[in-house]
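Me: I would like to go through this model term by term, asking each time what justifies the word that is used. Please set each value against its definition before you conclude.

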Amino acid sequence: NSMYMKKFFLVMLLCMISTITINAQSTFKYKDKRNQWDIFVGPKIGANYSTLTSLNASWKPGPVAGIFLEVYVTPKFSSNVEVYWSHLSCGNADDNSGHSTNTDGSPMKFTYTFDYLNIDYLFKYYPAKCLGLYLGAGLKREFTATADWDTNQGDKRNIESDIHRGDIMVPAGFTFLIKNFFIDARYAVSVKELGKSERGKQALGKARNMGAQFTVGYRFRCF
């Protein structure tokens, strides 16, 4: 899975570099006015702050990195596609079944970690030149790469076969533009429960991914 992700991002990066090189004269020049069918591409990097619902779990941070393509359908509306890797996790999660206990009889707590390859489809509205909003207008498709079950007794188990490898999340947020740079903040919650196998459903119950994402990036104008 990790080798596939590396090759995928390499191809996407080469395509982006080729496009930027072909249009080098206008790529780095800041354009205050946006016209219909203007196209921007670029990288983004930042962090998630995530947890799982219904398990009384704590929130934990994780990295985010990827690339995006933005096409202006009108000067105020744009369509975005983002491809990025993200690490989601949570700590001190309850065992939904209630059967797992420590040697002293206390309830066992769990730490879950997930690595995802994400494809986000966003529709943005710009009420001002520097501000773009996407309030619940996008869908997020996540593909699980790894998922480890780590108890507070040091017992780590791979649970990929116990959860759904695909997930769908609905993001809502805003983008703040500073010339060609941008700051992005969003909140997203899954519409799909994680548990798949009998063991996964017993441990996770109705748990779903939930989190906030904060990123910064740079926009290259292609056309």
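**Values set against definitions**

Me: Why is Ile178 called partly exposed?

Reply: Ile178 has a relative accessibility of 45%, and since buried means under 20% relative accessible area, exposed means over 50%, and partly exposed is what falls in between (1.4 Å probe, protein chains only), Ile178 counts as partly exposed. Ile178 is placed in strand E8, where strands (E, at least two residues) and helices (H or I, at least four) are DSSP runs numbered from the N terminus. The model is a predicted one, in which local features need pLDDT of at least 70 and side-chain atom pairs count only at pLDDT 80 or more, while totals for chains, interfaces and linings use all residues. Residues are numbered from 1 along each chain as its sequence is written, and side-chain values use heavy atoms, with hydrogens and water left out.

Me: What makes up the secondary structure of the protein?

Reply: There are 3 helices and 11 strands, and read from the N terminus the elements follow the order α-α-β-β-β-β-β-β-β-β-β-α-β-β. Of the 223 residues, 44% count as buried.

Me: What makes the group with Ile178 a nonpolar patch on the surface?

Reply: A patch takes residues with over 30% relative accessible area and no salt bridge, joining nonpolar side chains (Val, Leu, Ile, Met, Phe, Trp, Tyr) within 5 Å and like charges within 9 Å. Ile45, Phe174, Phe176, Ile178, Phe181, Ile183 and Val216 form such a patch, and together they have about 640 Å² of accessible area, a value that comes from the Shrake-Rupley method with a 1.4 Å probe, only the protein chains shown counting as cover for residues. E8 and E9 are the elements that give two or more residues to the patch, and E8 gives the most, with 3 residues.

Me: Which residue in the loop between E8 and E9 has a positive phi although it is not a glycine, and why is that residue called exposed?

Reply: Lys179 lies in that loop and has a positive phi of about 55°. Its relative accessible area is 58%, so Lys179 is called exposed. Asn92, in strand E3, also has a positive phi, near 55°, but at 48% relative accessibility Asn92 counts as partly exposed.

Me: How do you know that Lys44 and Glu82 form a salt bridge?

Reply: A salt bridge needs a side-chain nitrogen of Lys or Arg within 4 Å of a carboxyl oxygen of Asp or Glu, and the closest N and O atoms of Lys44 and Glu82 are 2.9 Å apart, so the pair meets the rule. Lys44 belongs to strand E1 (residues 39-52) and Glu82 to strand E3, so the salt bridge ties together parts that are 38 residues apart in sequence. Both Lys44 and Glu82 are buried. By this rule the count comes to 9 salt bridges.

Me: Why are Arg186 and Asp120 called buried?

Reply: Arg186 has 4% relative accessibility and therefore counts as buried, and Asp120, with a relative accessible area of 0%, is buried as well. Salt bridges that share partners join Lys44, Glu82, Asp120, Asp184 and Arg186 into one network. Within this network, Arg186 forms a salt bridge with Asp120, their closest N and O atoms being 2.8 Å apart. Arg186 lies in strand E9 and Asp120 in strand E4, so the pair ties together parts that are 66 residues apart in sequence.

Me: What makes a space in this model count as a cavity, and which residues line the second largest cavity?

Reply: On a 1 Å grid over the protein atoms alone, a cavity is a set of points where a 1.4 Å probe fits but cannot get out, and its lining residues have an atom within 4 Å of a point. The count comes to 3 cavities of 30 Å³ or more, and the second largest has a volume of about 60 Å³, volume being the space filled by probe spheres set on the points. Its lining consists of Lys44, Phe68, Glu70, Asn80, Glu82, Lys124, Thr175, Leu177, Phe182, Asp184 and Arg219. These divide into 3 nonpolar, 2 polar and 6 charged residues, where Asp, Glu, Lys and Arg count as charged, Ala, Val, Leu, Ile, Met, Phe, Trp, Tyr, Cys and Pro as nonpolar, and the others, Gly among them, as polar.

Technical notes. On a 1 Å grid over the protein atoms alone, a cavity is a set of points where a 1.4 Å probe fits but cannot get out, and a pocket is an open set with protein on both sides within 12 Å along at least five of seven lines; lining residues have an atom within 4 Å of a point.
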